[in-house]
Amino acid sequence: GRSHSSCRRKRGQAVVSTQSTNKKAQRKKEEEDKRKGALERKRLAAELLAEEEASLEVKAKTPQKKMTQAELSRMREEEKEKASSAKEEKEEPIPENLNRVMTDVEVAESVEQAIAALSVAQAEEEVDAHPEKRMKAAWTAFEQGRISQMRAENPSLRLSQIRQMLRKEWQKSPLNPMNK
């Protein structure tokens, strides 16, 4: 019985070794196929590059004609004439600096005089401190006055469209307290 069981082991080992040999061969073949594929892609890329470079060489710029010294000097003279004519057109009298002009300015020689001059100037202006408080009443008055005119001018528009136009007009109106 022993000889029979030992034969099985040998056969089993042989089967295992042929399976591993097949796997190794298959892996080698796959690696070889990958390497061949990579070489083929490189060759194709090199061919495409060579074709593209050849097409670019055909389209290269034609060299410019060499210019003589006389032609160069003539071109420089033309450029100078253009530049001088442009300067002549651009030359305008320089306006007077308004920052230096002192019209109706009070000159103060002391701190008290400066304070007095500033307080007089502020009293003359009478700046509206809170125009936003009068905004709603002013808008209502403006809208009542203009809405009938706008409807007459644009009878096909809806009330909301007329109000939009009035709002735009109101932003620029001198009646708007925020514009003062």
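A salt bridge is taken here to be a side-chain nitrogen of Lys or Arg within 4 Å of a carboxyl oxygen of Asp or Glu. By that criterion the side chains of E40 and R43 meet in a salt bridge, at 2.3 Å from N to O, and this pair offers a convenient way into the structure. The structure is a predicted model, in which local features need pLDDT of at least 70 and side-chain atom pairs count only at pLDDT 80 or more, while totals for chains, interfaces and linings use all residues. Residues are numbered from 1 along each chain as its sequence is written, and side-chain values use heavy atoms, with hydrogens and water left out.

The protein chain holds five helices and zero strands, where helices (H or I, at least four residues) and strands (E, at least two) are DSSP runs numbered from the N terminus. Read along the sequence, the chain therefore follows the pattern α-α-α-α-α. Of its 180 residues, 8% are buried; buried means under 20% relative accessible area, exposed over 50%, and partly exposed in between, with a 1.4 Å probe and protein chains only. The chain exposes about 17200 Å², of which carbon and sulfur atoms supply 54%, the areas coming from the Shrake-Rupley method with a 1.4 Å probe, and for residues only the protein chains shown count as cover. Among contacts (heavy atoms within 4.5 Å) between residues at least 6 apart in sequence, 40% join residues at least 24 apart.

A search of the whole structure finds five salt bridges, among them the one between E40 and R43. Because E40 and R43 are three residues apart in helix 1, they are separated by about one helical turn. The side chain of R43 also meets that of E47 in a salt bridge, again with 2.3 Å from N to O, and E47 and R43, being four residues apart in helix 1, are likewise separated by about one helical turn. Salt bridges that share partners thus join E40, R43 and E47 into one network. Each residue of this network is partly exposed: E40 has a relative accessible area of 36%, R43 has 39% and E47 has 35%. Helix 1 also holds R35 and E32, three residues apart and so separated by about one helical turn, whose side chains meet in a salt bridge at 2.3 Å, N to O.

Helix 1, which covers residues 2-58, also contains K28, a residue that is exposed, with a relative accessible area of 62%. K28 gathers with K23, K24 and R27 in a patch of positive charge on the surface. Such patches are made of residues with over 30% relative accessible area and no salt bridge, like charges being joined within 9 Å and nonpolar side chains (Val, Leu, Ile, Met, Phe, Trp, Tyr) within 5 Å. Lys and Arg count as positive and Asp and Glu as negative, whereas His and the chain ends are not counted; the place of a charge is taken as NZ of Lys, CZ of Arg, CG of Asp or CD of Glu. A patch of negative charge on the surface is formed by E77, E78, E79 and E81, and E79 is found in helix 2.

In the loop between helix 1 and helix 2 (69-90) lies M67, which is partly exposed at 42% relative accessibility and touches L72 and M75, not counting residues up to four places away in sequence. E143, in helix 4 (residues 135-153), counts as buried at 10% relative accessibility. Leaving aside its neighbours within four places in sequence, E143 is in contact with R163 and L166.
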